[in-house]
Amino acid sequence: MNRVNTKPIVGMPVPRKEGRDKVTGRAQYVDDLSLPGMLYGATVRSTIPRGKIKNITFDTRISWAEFVIVSAKDIPGANCVALISDDQPCLAKEFVNHPEEPILLLAHANPHILPKAIAAIAIEYEPLPAIFTIEESEVQKQIIWGDDNIFKTYTIEKGDLDGVWSKADYIVEAEYTTGAQEQLYIENNGMIASFDRGPGVTVWGSMQCPYYVHKALMKLLNLPEDKVRVVQTETGGAFGGKEEYPSMIACHAALLAMKSGKPVKIIYDRTEDMAATTKRHPSRTRHRTAVTCDGKILGGEIEFVVDGGAYATLSSVVLSRGTIHAGGPYFWPNIRIRAKAVATNAPPHGAFRGFGAPQSLFAMERHMDRIAAKLGISPVEVRRRNFLKPGQTTTTEQKIREPINLDKLLDRALTLSDYEEKKKRFQLENKTSTRKRGIGLATFLHGAGFTGSGERYLASLVGVEGRADGRVRVLVSSTEFGQGTKTVLCQIAAEALALPYDFVDIAEADTKQVPNSGPTVASRTVMVVGKLVQSAAQGIRQTLTSAGYLRNSYSPEEFRAACAHYTSQHGELKSFSRYQPPPNILWDDEKYSGEAYAAYAWAVYVAEVTVDFRTYAISIDDFVALQEVGKVLHPVLARGQITGGVAQGIGFALYEKVAWRDGRMQNAQMTNYIMPTSADLPPIRVYFEELGNEHGAFGAKGIGELPIDGPAPAIVNAVEDALGISFNSIPLLPEDVFEAISARSRKEEDTPTLEGVR
Amino acid sequence: MTPSAGLCEISLTVNGEKRTVRAHPMERLLDFLRHQLGLTGAKEGCGEGECGSCSVLLNGEAVTSCLIPILHADGATIVTIEGLASDSQLHPLQQAFLECGGAQCGICTPGLILAAAVLLNGNARPEMEDIKEGLGGNLCRCTGYAQICEAVARAAADSHENQPNESTR
């Protein structure tokens with residue numbers, strides 16, 4: 001790279017592109033916008049988990065003529081929210097399959113009278129029996145989806161599992177479960193739609209994936225590509241929660257706009273957002289593992305099941321990621337993983353940071369501690385003896401080519417957390433204290449980018465434009481919702497063009513302006529899209545140099561002059577780059593084996609906890625998060641991703657419980673669905689190792705999802721260290737701790753000769 | 001409904017500007033600020049005073065404007081995020097949030113900056129624990145709060161550095 005007068009940009013804490021707007025309150029989120037003549041829309045939902053719609057009556061005391069009313073009959077195209085299998089209706093016509101299913105839409109100029117109008121619509125049902133748990137779905141108590149309630153299954157087979165059981169010194173078996181988790185972005189979902197016969201439909205709103213929304217609108221409205229425009233507005237958090245459901249809301253707003261001829265805004269309130277939109281899949285994982293007496297894993301069987309809710313939506317892909325991560329960062333000579341996603345009569349579960357991996361890794365990392373306890377060796381040692389090493393293969397028989405050394409990573413985490421000293425000290429102190437302390441760890445990995453052949457199918461396209469004034473513009477549909485997409489992609493383009501960061505900006509995520517760079521999910525933006533930005537930016541440079549407007553080495557001013565010269569002679573200066581699968585990244589969809597991800601991030605997290613025997617509350621006193629993430633492109637943003645992910649992981653482990661009744665969330669409020677506040681969290685100490693990555697922009701890997709995989713098992717392992725009680729389910733609330741301690745006390749009273757339960 | 005029925009006259013000062021308006025007495029201060037004055041920096045996150053993203057300063061105290069009827073603000077002095085920066089100069093807290101990574105998605109940021117301003121008004125040299133306690137009423141889902149708390153600490157430190165008579169640092 002020939003660089004004149006500029007310092008490196010990648011790796012520097014440059015200002016966030018949209019930061020000034022955010023700190024001054026000028027950033028415009030969807031609810032901050034309004035259009036002339038705009039109406040407000042609302043959704044009439046099912047009140048029962050499953051049944052046939054028999055009759056709908058409108059209370060005559062409401063002047064319905066003032067309202068725009070939309071039902072399934074008003075849908076011009078296919079009545080579905082197009083995604084993978086298109087099974088979810090946009091509006092229920094005859095049957096409802098969960099208690100938040102949309103049936104009708106209303107719009108009115110005065111938003112305050114909408115709740116009263118919704119209450120004045122009586123829907124009569126013929127109820128059908130419903131199912132609410134994985135177990136009820138598995139035994140096919142009722143068939144509610146397809147022939148067998150199963151959305152998807154996967155099987156991973158490696159080696160000869162059947163041969164290992166007889167060679168094992170120990171067989172360790174257990175079952176682990178995780179609960180639903182609400183993304184709880186602070187900005188609720190919302191959309192504005194307008195329709196005009198000429199340009200077609202335009203939708204503005206809070207979302208992660210403009211082209212998913214675009215695809216859903218085309219199918220629903222039966223409109224060609226160029227008659228649908230989707231624009232992302234500033235988005236106040238997403239975490240996966242705005243991957244798919246925004247398509248539903250956009251479809252609703254668009255139907256109301258088409259019928260009324262006016263712009264329509266739909267903004268969910270907190271209760272509607274929490275109850276009706278997607279949450280993390282509840283899961284159940286069963287492990288049966290054959291180990292030698294010195295702690296070597298010979299082989300094992302893992303059964304991983306997720307509750308997908310009433311429609312298939314993203315469950316197959318969530319299941320896929322969870323399945324591939326189920327074996328953790330360990331070498332399994334023999335393994336069989338059987339996975340399935342099943343249907344229940346709850347609102348569909350969906351994407352949430354980690355996407356299945358936090359569920360299966362919780363089980364894996366709890367199970368490693370169980371194996372250690374059974375064998376009487378330390379949790380550290382059992383991990384060391386089974387770590388994947390370069391040259392070995394993962395459960396999908398992907399050969400590890402990265403020079404990762406998990407032993408060294410673990411050593412550093414142990415030193416940073418003072419693990420061994422604390423573990424000894426806590427054991428001594430706990431004997432005489434009512435505040436029991438413990439320390440636990442989790443070692444894990446997270447694959448970056450779409451799974452398997454996913455990136456091949458996406459074939460993302462990215463553009464970079466050199467403008468007449470010498471400014472550079474990045475053209476992507478990848479969205480900013482807090483992670484720093486805009487900033488980091490601009491850093492990459494600036495670095496690739498040897499220009500100051502200020503020379504580069506990024507186009508609005510508007511499908512009329514930007515190509516489809518794929519969805520903003522799966523820790524793929526910096527690694528996959530970033531690499532394409534890098535290559536498209538180099539294309540601009542190449543065009544200018546080969547046309548003779550620019551020398552190999554240039555100043556920003558010379559670049560500016562070259563852009564002006566080029567555009568005056570030839571018009572637009574744009575360079576596009578499309579994803580090309582690396583030749584050695586091969587995946588077999590049939591056998592479910594091969595290179596599952598082009599790169600993995602690796603981590604060791606250590607949690608230190610106190611369990612108070614008066615309140616049974618668990619507090620976290622210290623948290624070390626050490627990870628290898630390739631090159632860190634922006635230290636402040638990268639650290640922010642880790643601390644934020646850890647905080648959500650702490651919530652997943654200790655606070656966030658969805659209370660279900662008949663498929664409906666009962667605590668759909670911030671007052672009784674508890675997420676961590678600033679006062680609840682420990683110091684989260686973040687450390688990076690940077691090995692680089694040939695597949696990512698300037699060596700970067702994905703980083704967004706990784707940090708939510710590790711906290712829950714590290715914390716529950718620490719709780720076991722503190723109490724000597726092994727918990728297999730999260731969230732782990734004070735009442736669960738109380739129950740377990742009480743049960744142990746009862747047991748001790750019954751059998752006074754036994755010494756505890758350890 | 002007749003549009004003007006039940007309206008009352010309210011006088012208040014918003015971001016230094018005196019205003020007299022007619023409003024329904026129970027209209028939420030949040031809606032009044034956003035819809036009547038176009039001050040959209042205060043956000044509705046939960047509508048029940050839990051998340052703090054609608055925080056504004058009412059007579060110098062941080063309040064959740066989704067719970068305040070406009071009548072309650074009669075005669076009050078209100079400061080919103082839009083009133084914090086003077087001209088084009090960012091408030092030290094805004095600058096520190098920007099530099100320390102205190103704002104990610106930005107939706108909670110206006111409320112948090114105002115809550116932090118109240119905190120620093122009452123305690124110019126807060127310890128990290130004071131900051132964590134002081135911001136406990138404002139939820140942020142992105143950051144895990146670490147960089148927010150560091151931003152507040154930096155803003156406090158910077159304001160001391162800018163006071164020439166103090167030689168404690």
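**Group meeting: sheets and contacts in chains A and B**

Start with one pair of residues: A:Val203 stands opposite A:Val230, which sits in β11(A). Keep in mind that this is a predicted model.

How does the chain get from β10(A) to β11(A)? The path runs through α4(A), and this β-α-β crossover is right-handed. The two strands pair in the parallel sense, with β10 of chain A covering residues 200-205, and they do so over five bridges. Another facing pair is A:Gly205 and A:Gln232, the latter in β11(A). Helix α4 of chain A, residues 210-221, packs on the sheet. There α4 touches β10 and β11 of chain A, and its direction makes about 150° with that of β11(A). Is β11(A) mostly covered or mostly open? Mostly covered: four of its five residues are buried.

Now the whole sheet. It is open, it has seven strands, and the pairing is mixed. Read across chain A, the order is β3-β5-β1-β12-β9-β10-β11. Which strands are at the edges? They are β3 (68-70) and β11 (228-232) of chain A, each pairing on one side only. From one strand to the next, the twist averages 20°.

A second helix of chain A packs on this sheet: α5, residues 245-260. Its contacts in chain A take in β1 (39-45), β3, β5 (102-108), β9 (190-196), β10 and β12 (264-267). The direction of α5(A) makes about 35° with that of β9(A).

One residue to look at in that helix is A:Pro246, found in α5 of chain A. Is A:Pro246 buried or exposed? The cut-off for buried is 20 or more other C-beta atoms within 10 Å. A:Pro246 has 30 other C-beta atoms within 10 Å, so it is buried. What does A:Pro246 touch, leaving aside neighbours within four places in sequence? The contacts are A:Asn189, A:Met191, A:Gly205, A:Ser206, A:Met207 and A:Val213. You have met A:Gly205 already, as the residue opposite A:Gln232. There is also a long step in sequence here. A:Pro246 and A:Val81 are 165 residues apart in the chain, and their C-alpha atoms are 10.0 Å apart in space.

Next, strand β15 of chain A, residues 335-342. Seven of its eight residues are buried, so the strand is largely enclosed by the rest of the structure. Which strands pair with β15(A)? One is β7 of chain A, residues 150-158, antiparallel over eight bridges. In that pairing, A:Tyr154 stands opposite A:Ala339 of β15(A). Another is β14 of chain A, residues 297-307, parallel over eight bridges. Here A:Val305 has A:Lys340 of β15(A) as its bridge partner. The chain goes from β14(A) through helix α7 of chain A, residues 315-325, to β15(A). That β-α-β crossover is right-handed.

Over to chain B. It is divided into domain 1 (8-83) and domain 2 (92-161). Their C-alpha centres lie 22 Å apart. How many residues does each domain give to the contact between them? Domain 1 of chain B gives 14 and domain 2 of chain B gives eleven. On the domain 1 side, β3 (55-58) and β4 (61-64) of chain B each supply at least two residues. The largest share of that side comes from β3(B), with three residues. By class, the side of domain 1 has seven nonpolar, five polar and two charged residues.

Last, the contact between the chains. It takes 40 residues from chain B and 40 residues from chain A. Which helices of chain B supply at least two residues each to its side? They are α2 (92-100), α3 (109-122), α4 (128-134) and α5 (146-161). The chain B side has 19 nonpolar, 14 polar and seven charged residues.

Take α2(B) from that set. Its buried residues are B:Leu93, B:Gln94, B:Ala96, B:Phe97, B:Leu98 and B:Cys100. What do they pack against? Against α1 (19-24) of chain A, together with α3 and α5 of chain B. One general point on helices: an α-helix has 3.6 residues a turn, so residues three or four places apart point the same way. Right after α2(B) comes B:Gly101, with a positive phi near 80°.

Definitions and conventions:
Residues are numbered from 1 along each chain as its sequence is written. Chains are lettered from A and ligands numbered from 1 in the order in which they are written. This is a predicted model: local features need pLDDT of at least 70, side-chain atom pairs count only at pLDDT 80 or more; totals for chains, interfaces and linings use all residues. Two residues are in contact if their C-beta atoms, placed from the backbone, lie within 7 Å. Ala, Val, Leu, Ile, Met, Phe, Trp, Tyr, Cys and Pro count as nonpolar, Asp, Glu, Lys and Arg as charged, and the others, Gly among them, as polar. Two strands pair if DSSP finds at least two bridges between them. Axes are lines fitted to C-alpha atoms, for helices over the stretch in contact, and angles run from 0 to 180 degrees between N-to-C directions. Domain bounds come from an automatic or database domain assignment. A residue is buried if 20 or more other C-beta atoms lie within 10 Å of its own, exposed if 12 or fewer, and partly exposed in between; C-beta atoms are placed from the backbone. A crossover is right-handed if, with the strands pointing away from the viewer, the path from the first strand over the helix to the second runs clockwise.
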